[in-house]
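Colleague: Please take one part of the structure shown here and examine it closely. I should like a connected account that begins with the whole chain and then follows that part through its neighbours.

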Amino acid sequence: MGATVKAMLQQEPGAPLEWTDAADPVAGHGEVVVDVVATAVNRADVMQAAGHYPPPLGEPEIIGLECSGTIVHIGDGVEGWAVGDEVCALLGGGGYAEQVAVPAGQLLPVPRGVDVEAAAALPEAVCTVWAGIRDTPPATMASMALVHGGSGGIGTMAVQVLTARGYRVAATASERHHQLVQMLGAEVAVDYRSEDFVAAVHAATEGHGAELIIDVVGADYFDRNLAALAPDGTMTVIATQGGREARVDLLRLMQRRATLRAMTLRARPRHGRGSKAEVIEQVRAAVWPLIEEGLVAPVIGAKLRLQHANEAHAMMTGGEAPGGKILLVR
């Protein structure tokens, strides 16, 4: 196996990433090799770089959960794709490199109207949002969804997808990002530092509450989320930035007739029920048309060279993180 490609690698967990030689990816059965044009920074990447989030068994040690680019090699058993196709891909790892091997079931075509570089901002956010909302009841004209972290990579996508699917949307975000979330469709923008999102949601719904809550905070918001939830509403936890352990009052859940859901994306198997391939198939059918109609778009807050991934990680965790996704481009 040669080492003609380069990637951002670590000498040890927690060490800075270094642009250096890496083993050439090989297209195994059911896989293709993608020549990477761009990848995007996700919070999981930052956690892995810090030594706190190792990849699932069988996935590359190289960081990077999504990419866009061009297919350059096709393995056995792959149908429907050809060398030269422009694609974006959901990855278990490997995106911070010049090339990456991808299971064909995790590929998506670059949507019409989106350039191949910008498409790198789509797979992780769209698949996460879709997996979090796909089983929820259809929206009515009065239905409100509350999106936490509305200016982040996941949040900007959630605001758009939920708006396109008929929800009124409230989003928590710092005040400097209120214009962004409102431009994307949020009816209500709440400064999470100084305002009470429970009161804001109840004021916007005449006391009814939100039918759906997409939460990236976790334990710190659990009680307030429940207070903001409408009867028969659904709370979906997709991250735990504010803690993993919450005390649950089951009677309050029962009184609200609430549905509590939690999901993750990276740990899903590649194939079968509940797999990444299943989510990709559903996203292509349900969300890709919204993108091609111009109702949903990648939101890119910053672009850096792939070799500057350490700076991009610092940007994401700093107090002035940009709205939307941070792209790393070749």
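Modeller: I begin with the charges: the chain carries 25 positive and 38 negative charges, and the mean positions of the two sets lie 5 Å apart. Please bear in mind that this is a predicted model.

The chain as a whole sets the frame for the closer look. It comprises 10 helices and 15 strands. Its radius of gyration is 20 Å, close to the 20 Å given by the globule rule for 330 residues, so the chain is as compact as a globular protein of that length. Along the principal axes, the C-alpha trace extends over about 65 × 40 × 35 Å. The accessible surface amounts to about 14,500 Å², and carbon and sulfur atoms contribute 51% of this area. Of the 330 residues in the chain, 54% are buried. Among contacts with a separation of 6 or more, 67% are made by residues 24 or more positions apart.

The part I have chosen is strand β5, which covers residues 86-90. Because 4 of its 5 residues are buried, that is, under 20% relative accessible area, β5 is largely enclosed by the rest of the structure.

Which strands does β5 pair with? One partner is strand β4, residues 66-74, which runs antiparallel to β5 and is joined to it by 5 bridges. Another is strand β7, residues 107-109, which pairs with β5 in the antiparallel sense over 3 bridges.

Individual residues show how these pairings are laid out. On the β4 side, Cys67 stands opposite Ala89 of β5, and Ser68 faces Cys88 of β5. On the β7 side, Val87 has Pro109 as its bridge partner.

The pairing can also be followed outward from β4. Strand β3, residues 31-41, is joined to β4 by 7 bridges, and these two strands run antiparallel. Here Ala38 has Ser68 of β4 as its bridge partner. Ser68 therefore serves as a link in this description: it is paired with Ala38, and it also stands opposite Cys88 in β5. Read in order, the pairings lead from β3 to β4, from β4 to β5, and from β5 to β7.

Definitions and conventions: Residues numbered from 1 in each chain as written. Predicted model: local features only at pLDDT ≥ 70, side-chain atom pairs only at ≥ 80, totals over all residues. Heavy atoms only, no water. Buried < 20%, exposed > 50% of the residue type's maximum accessible area, 1.4 Å probe, protein only. Pairing = 2+ DSSP bridges. Rg over C-alpha atoms; globule rule 2.2 N^0.38 Å. Contact = heavy atoms within 4.5 Å. Areas by Shrake-Rupley, 256 points an atom, 1.4 Å probe, with all protein chains shown as cover. Lys, Arg positive; Asp, Glu negative; His and termini not counted. Charge placed at Lys NZ, Arg CZ, Asp CG, Glu CD.
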